[in-house]
Amino acid sequence: MSYRGTAIMGPARARIEQMEARTLSINPNAPHIGSLYLALGPRLGVRGDLAYAQALHETNYFRYGGVVKPEQNNYAGIGATGPGNPGASFATPELGVLAHLQHLFAYASTAPLPPSMTKVDPRFDLVTRGVAPYVGDLNGRWAVPGTTYGQMVDRILGEILMERSAAEPYRTTAAYLSSASQNRPGACSDSGCWEGVQGIVVHRTASPTMDARAIRNYFNGAPDGRFASSQFVIDNSTILQLMPIGEVAYHTAGKNYTYLGIETCEHNWGTPAWAETYRKLVWLTAYLARSYNLPLDAVSGHFQWDPVDRPYDPTHPGWKPGDGKARGLFVWEQFLADVQAAMYPAPQPPVPPESPPQPEPPALPEPRQIPVSVSDEKGVRPCVEGLLIGDETYVPIRSYTACIAPNAAVHWNEKDWSVLVELPLEP
């Protein structure tokens, strides 16, 4: 069967830091254009992360070295055919990325460009439209002979997707089996070649004592001569990746060329540590399904493919805790529900913006009690005790009125909160 690999059209799952972390580890001087691929890709429905992986392959991680030069902003070798023809040039990185995405769109789709989008790919109309919906379909088309072109791009995408992201709760650790191990045949085994991620099979290790590292070493050494391996193995402490995505693992007969295998360690089943193993299993399964745009029904257990010899691997439908470890590790239906929830988490309510800090009111001066005097034709004499606050003097109205006009009457008007002082009429 010919290689198909990852679909070109669809949402991208890699984040900018994942995309560029892999690149910068190989070429510290690489341009920071990952954000352009993720921003422009959705306008055409093209996976920006897959296009970026292709750009890495085409430009040798932006180190170039072929006929295309960095100043051309041509990240896909568009129109380049040899030393005398270095291909198209684009005025800006944005135009170069858009041309690359349009060229992929032309291969993957028969739809027209969006009405508001200018055609910047000079070879858009030279492509046979819709012949390459998957990256593997570019084999022999994008590059000649290009017999493994799609596999190389897909492998780079897998490396990007497995880069650590600060937004994810867990990370995978590369602990690749030796290339000399019989359990890591590479992209092809004696029976066939890797065809692209189409599903996931979850397994149990069936070992009461071995953790992830021990399982990895067992696969690597194959002490009993068995052909057995997987792409990932999980315990409560770590998630080990045993080979790059794009290589064959021996985990499920009939599915080794299209399905990723996850081995689940069970040495701590029944202890508090098991809960963390289960959480890691749910996360990794959901993360891989999201990354490769797989539906939930592409997640399976080994028991589904080998119900005779593996009826409880890793569990069986309808399993209950009372069935015990020998017949399974967890409730399969609940596992699928947990994976689905992790694949499509409920949107979080928006966080209200913080109110801007309000300025502190100015501190009032400390009040001081002072004597208040009056001056009239009788001279200066003490009147009442008042308060001095800043430059203002405050006195009780009744006491002050009695001092300056002993025969006056003071009235309080509750309707308009006012004070009325009535002075006696002159005789």
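Where is the place of threonine 252? I looked this up in a predicted model. Threonine 252 sits in the loop that runs between β6 (239–241) and β7 (259–264).

Next I checked whether that loop position is open to the outside. Threonine 252 has a relative accessible area of 2%. The cut-off for buried is under 20%, so threonine 252 counts as buried. I then listed its contacts, leaving aside neighbours within four places in sequence. Threonine 252 is in contact with Val201, His203, His302 and Trp305.

I turned to the cysteines. How many disulfides does the structure hold? I found two. Counting bonded cysteines along the chain, the pattern is 1-2, 3-4.

One disulfide joins cysteine 188 to cysteine 193, with S to S at 1.9 Å. I noted 105 degrees about the S-S bond, and the link is right-handed. Cysteine 188 is partly exposed at 36% relative accessibility. Cysteine 193 is also partly exposed, with a relative accessible area of 36%.

Another disulfide joins cysteine 383 to cysteine 403, with S to S at 2.0 Å. Cysteine 383 lies in strand β10 (residues 379–389) and cysteine 403 in helix α10 (residues 397–404), so this pair ties together parts that are 20 residues apart in sequence. I checked burial here as well. Cysteine 383 has a relative accessible area of 19%, so I entered it as buried. Cysteine 403 is buried too, at 15% relative accessibility.

Last, I looked up cysteine 265. Is cysteine 265 buried or exposed? At 0% relative accessibility, I entered cysteine 265 as buried.

Conventions:
Residues are numbered from 1 along each chain as its sequence is written. This is a predicted model: local features need pLDDT of at least 70, side-chain atom pairs count only at pLDDT 80 or more; totals for chains, interfaces and linings use all residues. Side-chain values use heavy atoms; hydrogens and water are left out. Helices (H or I, at least four residues) and strands (E, at least two) are DSSP runs, numbered from the N terminus. Buried means under 20% relative accessible area, exposed over 50%, partly exposed in between (1.4 Å probe, protein chains only). Contact means heavy atoms within 4.5 Å. A disulfide is a pair of cysteine sulfur atoms within 2.5 Å.
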